[in-house]
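This report goes through one structure, from the fold of a chain to a single helix. Please look at the sequence and the model first.

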Amino acid sequence: MIQARGLTKRFGSTLAVDDLSFVVEPGKVTGFLGPNGAGKSTTLHLMLGLIRGGGRTLFDGRPYRELACPMRVVGAMLEARALHPRRSARDHLRMLAAAARVSDRRVDQVLDQVGLTPVAHRRAGGFSLGMTQRLGLAAALLAEPRALLLDEPANGLDPHGVAWLRALLRAQAAQGRAVLVSSHLLAEMQLLADHLLVMGRGRLLADEPTDRLLGRSRRSHVLVRSPDADRLAELLVAEGATVQRSGASELTVLGISAQVVGELAHEHRLRLHELASRNASLEAAFLELVDGEVEYLQGGAGRQ
Amino acid sequence: MTELLVFEWRRMRSLRGTWVLLWLVVGFALLADLAVGLGKFREPVDAEGVAFHVVQRDLIVRWLVAAAIGAQAFGHDFRYGTIRPTLLAFPRRRQVLAGKAVASFLLGAAAALAASTASMALLLVLSTWDGSLLADPRLWRSIALGTVTAGLVPALAVGLAALARGSGLAVVMIVLWGGVVEPLTIVGLGGGAARVLPFLSLLQLTAYTPVSQDLGSPGPLAWTVFPLYLAAVLTAATIALARQDATTS
């Protein structure tokens, strides 16, 4: 488990991270979202003690710098390009293997796991962004850590690679690891994350399960088709829902769950031909949430 | 510390540049010996001559190359952003500095020892000298000190590179310090000043006889001069590393 408490970072007069507290549970993939400049990368660096700031982060109850063998507890990928360009992929991992106290055989295993075995002896400077990301992932996975912290791991991966990454991270979470992933790929995060942390201008705007965040979006609604639409609409309004007519027998219901609609219809012996929840996309929910919290926006509307 | 030294060794040995620098030390010694040997073929060599050939003559080259190796320990990390993986692997920054200093010391000293050994072997073949010279303790003292000093200089370079957040500036600082500031100080204050100057005090210590370097004899505290400078630089580097964010230069 990862517990962050009161994380704060100031760059001059700019408050980059403002008293951030959250928990990353084991066995779940937690998505870390926010617009550019929201402070996601700064937060990850703070958590790992790479930059100085306020607050503390505990990994299995201990700060990172107090861990006896940190790579066995936390596997981090912060900046995939942080490689010496003239060092081979295998040598890069062998170097880290010494720190992680793992064997060279494990190096070959992770190279195989991320699909880099054919280029293991090539210099990292010649790698594409996608290959570099895979190497960064291999480094994070090397010591089979109990938690993963990944900053934009899908950057540069092709669709096949993104699907592979999704399966990999879900498998890591299923094995009981706490997985924290920052990403700009909202559609991908909707598929991947069990829980979401959303940042805007250094503050935590949301910390809740993905389903709940999507459900409370203004764009989430229940679609109902019923030959008794008029009567049902009256009942739903009486229950506090907002009802819009979208056809002779079709209703769009906001502010009430599909379960409540179904039970209400059953109670009043009204026929239903269709009852479906239509969750907003994560993109829609995200944009609603960070509205006004964007650091850099076209047309000068954001804070510069 | 063992993991850190293995990490540093793998870091250094995985770069071709390290091997080029190491071969430069050995190659320079062998080429110089070859040139001298061919020029003074079959001339007798005494213990002082052997000490000069295998230690003093190449000392500056060895220090410079070793300094470059030491400076790269942090220089590459800051230049390529690998300081972050390094600090993720070893989050205690003082420990990282100590590990890099020790690893650079060992590599610099090993390079100097290899060069001295190769040089002595070549001299045995090319020149006329009696094997009894090897019984001279001053010759071995000179070789041992030449080896140690070639380890101390890269350790200093590690500290300077941590302060400068780059290898180029660290090497330039060593060149200016040892090659310009100290000679000018001697010119201005006389040879006695060598006793308190780090590089010249090292030269005094490694000399077979004090006279051979025209620097006078080392003072009673000569052993402590360079280590004191080294300790000051490493302390400053420790403070700088602790206070700075792990960003690239």
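## Chain B

Two residues are taken to be in contact if their C-beta atoms, placed from the backbone, lie within 7 Å. The model is a predicted one. In chain B, counting contacts between residues at least 6 apart in sequence, 81% join residues at least 24 apart.

The secondary structure of chain B consists of 10 helices and zero strands. Read from the N terminus, its elements run α-α-α-α-α-α-α-α-α-α. Chain B has 249 residues, and 47% of them count as buried.

## Contact between the chains

Chain A brings 27 residues to the contact, and chain B brings 22. On the side of chain B that touches chain A, α1 (2-13), α4 (59-80) and α5 (83-89) of chain B each supply at least two residues. By residue type, this side of chain B comprises 11 nonpolar, four polar and seven charged residues.

## Nonpolar cores

In soluble globular proteins, nonpolar side chains tend to be buried together. Here the largest nonpolar core holds 155 residues, and the members that touch the most others are A:Ala138, A:Leu142 and B:Ala157. Apart from its neighbours within four places in sequence, A:Ala138 has contacts with A:Leu93, A:Val110, A:Leu111, A:Gln113, A:Val114 and A:Leu116.

A second core, separate from the largest, has 11 residues. Its members include A:Val222, A:Ala229, A:Leu232 and A:Val261.

## Helix α6 of chain A

Does the length of helix α6 (residues 159-174) of chain A agree or disagree with the span expected at 1.5 Å a residue? The helix has 16 residues and should span 22 Å; the C-alpha atoms at its ends are 22 Å apart, so the two agree. The expected span is 1.5 Å times one less than the number of residues, which is why 16 residues give this value.

Which residues of α6(A) are buried? They are A:Leu165, A:Leu169, A:Gln172 and A:Ala173. These residues cover an arc of only 95 degrees around the axis, and therefore lie on the same side of α6(A). On the other side of α6(A), the exposed residues are A:Pro159, A:His160, A:Ala167, A:Ala171 and A:Ala174.

The buried residues of α6(A) pack against four elements of chain A: β3 (29-33), β7 (147-151), β8 (178-182) and α7 (186-192). After α6(A) comes A:Gly176, which has a positive phi, near 100 degrees.

Methods: Residues are numbered from 1 along each chain as its sequence is written. Chains are lettered from A and ligands numbered from 1 in the order in which they are written. This is a predicted model: local features need pLDDT of at least 70, side-chain atom pairs count only at pLDDT 80 or more; totals for chains, interfaces and linings use all residues. A residue is buried if 20 or more other C-beta atoms lie within 10 Å of its own, exposed if 12 or fewer, and partly exposed in between; C-beta atoms are placed from the backbone. The arc is that of the directions from the helix axis to the C-beta atoms. Ala, Val, Leu, Ile, Met, Phe, Trp, Tyr, Cys and Pro count as nonpolar, Asp, Glu, Lys and Arg as charged, and the others, Gly among them, as polar. A nonpolar core is a set of buried Ala, Val, Leu, Ile, Met, Phe, Trp, Tyr and Cys residues joined through C-beta atoms within 7 Å.
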